[in-house]
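Visitor: I am new to this structure and would like to ask about it piece by piece. Please show it to me before we begin.

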Amino acid sequence: MDVGAAGFGRLLPGLRDRVRRAAFLGLDMEFTGLYSAFPQNNQPSLFDSPAERYLKVRQSVQRFTVTQLGLAIFSKEDSNKYVVHSYNFFLFPSTLGVTDVEFTLSASSIQFLSHYGFDFNKFLKDGIPYMNELQEKSLNQRLSEGSWRVCSAVDRDVMKKAIDEVTCWIVAAEEGETMILKDLSGSQMLEVQLVLRQALQNVWTQPLEDSEVVVKKVSLQQRWLLENSSYDYCRKELILMSARGFTNLFQILVKAKKPLVGHNMFVDLCHLHDKFYKPLPESYEEFKRNIHNLFPVLIDTKTVTKSIWKNYQFPRVSTLLEVYEVLCSNLNPMDPTGPVIALASDCSRYVLLKSAHLLLRRVTKCSDTVEADPSFSQYLTVLAEYLNKVNFIRGGASSINFSGEDVPSQHPPLLVVHVRGWPQMNERQIYQELKPLCRFDVRRLSGNQFILLSNKFKHVRLVLRDYKHHPNLQISVYRHWRHSPHVNCLLQVSGIVALWSLLAFVLGGPPCCS
């Protein structure tokens with residue numbers, strides 16, 4: 001179900017109830033870009049530690065924005081049946097009286113979204129606003145000070161037209177007479193009212209349905225009474241709620257503390273923190289603590305399925321759709337005790353439940369059969385070793401553990417390249433030289449030495465074999481004591497100190513006895 005700003009407010013109370021009753025929640029997000037090309041060397045690397053990767057992702061998250069957030073709400077019904085309601089929320093940064101938000105578009109990401117039929121008009125024209133706590137604090141302060149301003153150029157034109165119409169009308173109008181302003185969007189209806197009330201002390205405004213605002217000429221006494229009534233649609237708390245937009249639902253998700261499920265969800269979590277909670281902190285550890293406090297139970301289906309694939313004769317796949325297709329194929333025969341999914345709306349992928357049921361079958365292999373009606377708590381039990389471990393793509397850890405120490409990766413050994421006869425070689429040139437044979441990440445070690453790192457053992461064997469007699473590139477396994485510049489420097493200094501000590505002993509002679 002696609003949801004824009006026009007229908008979001010009406011859905012919010014029902015969403016709150018469904019989230020409260022949910023067994024778990026599924027999340028997926030689309031962005032205007034993934035990894036920023038600026039500054040240089042911001043692309044992910046196998047050399048990245050989790051903290052280094054986080055800083056790279058943080059820079060990208062600050063440049064790109066969220067275009068759509070998919071939420072699937074899974075509720076346990078009778079027996080082993082789950083009903084899922086899915087929603088695609090179109091999002092657009094709030095322009096309601098806050099500093100104008102800037103974001104970048106990545107050509108490849110926009111092309112990807114276009115290929116899969118993403119509705120850019122709905123994103124731009126009907127995107128649900130959102131803001132984080134820092135932006136809300138700024139808006140709250142401006143509302144208290146009365147320093148309201150309209151950011152959008154389109155909205156400024158609408159404001160000017162509305163003020164012109166009202167000022168021309170009010171000259172001849174009698175107290176109690178009304179006029180109607182039409183064709184206003186959700187945020188414009190609020191902004192028009194605030195601007196008119198600020199500019200004219202003898203008018204009162206009230207929203208109508210169908211993008212209309214009624215303007216009434218009133219006395220100063222009536223104006224004061226209306227401003228202090230509980231029926232004022234422009235009360236500060238209502239303005240803040242409108243400006244928060246989707247952040248209201250985010251806060252409902254946080255309060256519910258339901259298990260949150262995603263696939264390769266590290267970047268998703270960074271955007272959740274930055275767009276709806278607080279700007280991403282510089283500290284990686286602080287980021288982990290914040291996310292764990294917001295969502296105490298995280299399940300990354302990539303982490304789960306990577307483990308399952310080692311125990312079953314399934315073909316290697318990477319995307320969520322491919323994983324789903326394998327789990328639904330003949331390679332994974334139907335199990336009558338497996339979970340039943342009732343699709344309340346357009347939703348067709350439930351990888352977590354199928355994966356959890358595979359694990360449950362494996363755990364209970366020694367018993368006769370899996371219990372006919374496994375509870376979700378049983379699924380959580382067999383998933384315990386994967387909880388809060390989010391997949392880490394091509395880096396120095398296999399997963400990020402939001403409730404403990406990160407899990408290191410088991411990479412093949414490092415290789416070192418010694419360049420001879422090719423002056424001015426750089427990392428990019430080394431990468432291009434090896435690319436036809438295999439893929440390595442490259443990092444400079446010293447002037448003519450480079451470190452190679454791959455996540456495939458066969459690539460290490462290939463390059464050691466094929467470059468064994470290369471005239472310009474001498475490639476060998478990296479030995480820290482032999483190749484590290486720091487160790488070499490220490491050995492050289494130690495050698496010099498030892499030599500001087502020996503010379504001092506020889507030249508000084510034996511000590512004299514008195």
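Visitor: How many bridges join strand 3 to strand 4?
Guide: In this predicted model, strand 4 covers residues 81-90. Strands 3 and 4 run antiparallel. Within this pair, Phe74 stands opposite Val84 of strand 4. The number of bridges joining the two strands is nine.

Visitor: Which residue in strand 3 does Leu27 stand opposite?
Guide: Strand 2 (residues 24-31) is joined to strand 3 by eight bridges, and the two run antiparallel. The residue of strand 3 that stands opposite Leu27 is Leu71.

Visitor: How many of the 11 residues of strand 3 are buried?
Guide: Strand 3 spans residues 66-76 and is mostly covered. A residue counts as buried when its relative accessible area is under 20%. In strand 3 the number of buried residues is 10.

Visitor: Which helix gives the most to the largest nonpolar core?
Guide: The largest nonpolar core has 49 residues, and those touching the most other members are Leu69, Phe89, Phe246, Leu249, Leu272 and Phe287. Seven residues of this core come from one helix, residues 266-277. That helix is helix 11.

Visitor: What is Phe89 in contact with, leaving aside its neighbours within four places in sequence?
Guide: Phe89 is one of the residues that touch the most other members of the largest nonpolar core. Its contacts beyond four places in sequence include Val3, Phe8, Leu15 and Ile128. The full set also holds Thr67, Gln68, Leu69, Leu71, Phe246 and Leu249.

Visitor: How many residues are in the other core that lies apart from the largest one?
Guide: Among the members of this other core are Phe74, Val84, Val261 and Leu383. Phe74 and Val84 also stand opposite each other across strands 3 and 4. The residue count of this other core is 25.

Visitor: Is Phe376 buried or exposed?
Guide: Phe376 is in helix 16 (residues 376-382). Leaving aside neighbours within four places in sequence, Phe376 is in contact with Ala23, Phe24, Lys76, Tyr82, Pro259 and Leu353. Its relative accessibility is 10%, and the limit for a buried residue is under 20%, so Phe376 counts as buried.

Visitor: How far apart in space are Phe376 and Pro339, C-alpha to C-alpha?
Guide: In sequence, Phe376 and Pro339 are 37 residues apart. In space, their C-alpha to C-alpha distance is 9.7 Å.

Visitor: Which residue forms a salt bridge with Arg223?
Guide: Arg223 is buried at a relative accessible area of 5%. Its partner also lies in helix 8 (residues 220-227), four residues away, about one turn of the helix. The partner is partly exposed, at 37%, and the closest N and O atoms are 2.8 Å apart. The residue is Glu227.

Visitor: Which residues join Asp48 in one network of salt bridges that share partners?
Guide: Arg223 and Glu227, both in helix 8, are a pair within one helix. Elsewhere, salt bridges with shared partners link Asp48 into one network with Arg53 and Lys56.

Visitor: Are Lys56 and Asp48 buried or exposed?
Guide: Lys56 and Asp48 form a salt bridge, with the closest N and O atoms 3.0 Å apart. The relative accessibility of Lys56 is 13%, and that of Asp48 is 1%. Buried means under 20%, so Lys56 and Asp48 both count as buried.

Visitor: Why are Lys160 and Asp164 separated by about one helical turn?
Guide: Lys160 forms a salt bridge with Asp164, the closest N and O atoms being 3.3 Å apart. Lys160 is exposed at 55%, while Asp164 is partly exposed at 36%. The separation is about one turn because the two residues are four residues apart in helix 6 (residues 153-170).

Visitor: How many salt bridges does the count come to?
Guide: Side chains of opposite charge can pair when their charged atoms come close. The Lys160 and Asp164 pair is a salt bridge, and so is the Arg223 and Glu227 pair. The count of salt bridges comes to 12.

Visitor: Where does Gln424 lie?
Guide: Gln424 has a positive phi of about 60° although it is not a glycine. Gln424 is exposed, with a relative accessible area of 73%. Its place is in the loop between strand 14 (415-419) and helix 17 (427-434).

Note on methods: Residues are numbered from 1 along each chain as its sequence is written. This is a predicted model: local features need pLDDT of at least 70, side-chain atom pairs count only at pLDDT 80 or more; totals for chains, interfaces and linings use all residues. Side-chain values use heavy atoms; hydrogens and water are left out. A salt bridge is a side-chain nitrogen of Lys or Arg within 4 Å of a carboxyl oxygen of Asp or Glu. Buried means under 20% relative accessible area, exposed over 50%, partly exposed in between (1.4 Å probe, protein chains only). Contact means heavy atoms within 4.5 Å. Two strands pair if DSSP finds at least two bridges between them. A nonpolar core is a set of buried Ala, Val, Leu, Ile, Met, Phe, Trp, Tyr and Cys residues joined through side-chain atoms within 4.5 Å.
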